[in-house]
Amino acid sequence: MTEAVAAQALRAPKPIAKPERPYFSSGPCAKPPGWTADRLDTSALGRSHRGSIGKAKLAEAIERTHALLRLPDDYKLGIVPASDTGAMEMALWSLLGTRPVTMLAWESFGAGWVTDVAKQLKLDADIRTADYGEIADLGGIDPASDIVFTWNGTTSGVRVPNAEWIAEDRTGLSICDATSAAFAQNIDWTRIDVGTFSWQKALGGEAAHGMLVLSPRAIERLEREPAPRPLPKIFRLTKGGKLIDGVFKGETINTPSMLAVEDWLFCLDWAESVGGLDALIARADADAAALDRWVQSASWIEHLASDPAIRSNTSVCLQFTDRSNEDANRARQKAIGQLLEREDAAYDITAYRDAPPGLRIWCGATIDTGDIEALGPWLDWAWEMTA
């Protein structure tokens, strides 16, 4: 027996059972179980979004999302352009500049908001950062300062443990990118003045649309302290010193995709059918727990976020245990991803390009726990096959 044949014989056999839905991308994320395009209502397609049918659909999407997230009654929710990024840009450019600002970043998207604030808006911010897998210092933040942070770092697998570090008696605003946390984590919205998220994350909707949450304090800031800079039309939330209330009733700033709206309504139908927010959080927790059980059994990989208290239950990021050769690890990460895709066992699971080499596996509510359990043996197999 040759050395190559002997080595092949020692390798684990290819698993037989595959995940039924091998969609583990961290965005756009897996569609809800049971989704098919022919289940979408297309009666609003080809009709004006400003007509009665279109406005009713948009208002329904807002009202049901508001209820599903259990937002406070006096919080407003609107549909805005350009996904979560558009919603965050709208908030940053419209609200910051009249008060001190504290920036918290522990992954690439949070770092992007730092760039916006420090280099584009040119504000003198208190910038607190942390390496991938860790979290910035949340202590001692000036309650008079505006705060900008991501609740869940999609590219680092790190989330804030809670919102208790945000002062209840703050005079500044807390501005939160919640796109990988909404519908999967228990967000204390009373501590959040501005929240943003997108449809293509935790409920598996379509891309290009964002949602913007505003507290009464944020609305008061918009009306009493106009942004100290010109704003393009797509960012404007006030007119004549008053909030443009129609944005939060379905009168969108630009033309939305009504097909994407129908898809979002389907996602809401599914979320409500499984039991609402508590059930969605439980599903994500169960998925993350199943993946963690596999990680604990594997010697070649480990969590990027070593502290379970700050570890995401949605975008779970893993790194190779042996980190002595980053170039080799990046090559192997790519090979693992390509092999599993060819086998239709897992799609889009390699680490984000700026993160340490490894894997990133979405465990949000639209993933079935059985598929996470079926994935583990395939990951072990792919590791061996790419040695």
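Reader: Hi! Let's start with R128: buried or exposed?

Author: Hi! This is a predicted model, and in it R128 counts as buried because its relative accessibility is 15%, and the cut-off for buried is under 20%.

Reader: Okay, and where does R128 lie?

Author: R128 is part of strand 3.

Reader: Which side chain shares a polar contact with R128?

Author: That of D126, through a polar contact of 3.5 Å between the two side chains.

Reader: And what is R128 in contact with beyond its neighbours within four places in sequence?

Author: Its contacts include T102, M103, L104 and A105, and also A136, D137, L138, G139, G140 and I141.

Reader: Nice. Let's zoom out to the sheet. What is the strand order?

Author: The order is 1-9-8-7-4-2-3, an open sheet of seven strands with mixed pairing. Strand 1 (76–81) and strand 3 (126–129) each have a single partner strand, so they stand at the edges with one side lacking a neighbour in the sheet.

Reader: How many degrees are neighbouring strands turned against each other on average?

Author: By 15°, with direction ignored.

Reader: What about strand 4 and strand 7: parallel or antiparallel?

Author: Parallel: strand 4 (residues 146–150) and strand 7 (residues 174–177) are joined by four bridges. Within that stretch, I147 is opposite S174 of strand 7.

Reader: And how many bridges does strand 9 make with strand 1?

Author: Six, in the antiparallel sense. P81 is the residue opposite H209 of strand 9. Strand 9 also pairs with strand 8, again antiparallel, over five bridges, and there V213 in strand 9 is the bridge partner of G195.

Reader: How many residues of strand 9 are buried?

Author: Six of its six residues, so strand 9 is mostly covered. H209, M211 and V213 point one way, while G210, L212 and L214 point the other way.

Reader: Why would side chains split between two faces like that?

Author: Because in a regular strand the side chains alternate between the two faces of the sheet.

Reader: Which helices lie across strand 9?

Author: Helix 2 (residues 52–68) lies across strand 9 (209–214), as well as strand 1 and strand 8 (194–198). The angle between helix 2 and strand 1 is about 130°. Helix 3 (residues 83–95) lies across strand 9 too, along with strand 1, strand 4, strand 7 and strand 8, and it runs at about 160° to strand 8.

Reader: Switching topic: how many residues are in the largest nonpolar core?

Author: That core has 85 residues, and F149, F183, L203 and I361 have the most contacts inside it. Helix 6 (residues 258–273) supplies the largest share, nine residues.

Reader: What does F149 touch, leaving aside neighbours within four places in sequence?

Author: Its contacts are L104, W106, V160, W165, I166, I175, C176, D177 and I192. There is also a second, separate core of 32 residues, with M90, L92, V194 and A218 among them.

Reader: You listed F183 among those with the most contacts in the core. What is its phi?

Author: Phi of F183 is near 75°, which is a positive value in a residue other than glycine. F183 sits in the loop between strand 7 and strand 8, and it counts as buried because its relative accessibility is 2%.

Reader: How about K122, buried or exposed?

Author: Exposed, since K122 has 65% relative accessibility. Phi of K122 is positive as well, near 60°, and K122 is placed in the loop between helix 4 (108–120) and strand 3.

Reader: Good to know for my backbone checks. Where is the cis peptide bond?

Author: From G27 to P28, with omega near -10°. P28 lies in the loop between helix 1 (3–10) and helix 2.

Reader: Last topic, cysteines. How many disulfides does the search find?

Author: Zero, over the whole structure. For C267, the nearest cysteine sulfur belongs to C29 and is 11 Å away; C267 is buried, at 0% relative accessible area. For C317, the nearest cysteine sulfur is that of C363, 10 Å away, and C317 is buried too, at 7%.

Reader: Thanks, that's really helpful!

Note on methods: Residues are numbered from 1 along each chain as its sequence is written. This is a predicted model: local features need pLDDT of at least 70, side-chain atom pairs count only at pLDDT 80 or more; totals for chains, interfaces and linings use all residues. Side-chain values use heavy atoms; hydrogens and water are left out. Two strands pair if DSSP finds at least two bridges between them. Helices (H or I, at least four residues) and strands (E, at least two) are DSSP runs, numbered from the N terminus. Axes are lines fitted to C-alpha atoms, for helices over the stretch in contact, and angles run from 0 to 180 degrees between N-to-C directions. Contact means heavy atoms within 4.5 Å. Buried means under 20% relative accessible area, exposed over 50%, partly exposed in between (1.4 Å probe, protein chains only). A polar contact is a pair of N or O atoms within 3.5 Å; within protein, one must be able to donate a hydrogen and the other to accept it, and residues adjacent in sequence count only if both atoms are side-chain atoms. A nonpolar core is a set of buried Ala, Val, Leu, Ile, Met, Phe, Trp, Tyr and Cys residues joined through side-chain atoms within 4.5 Å. A disulfide is a pair of cysteine sulfur atoms within 2.5 Å.
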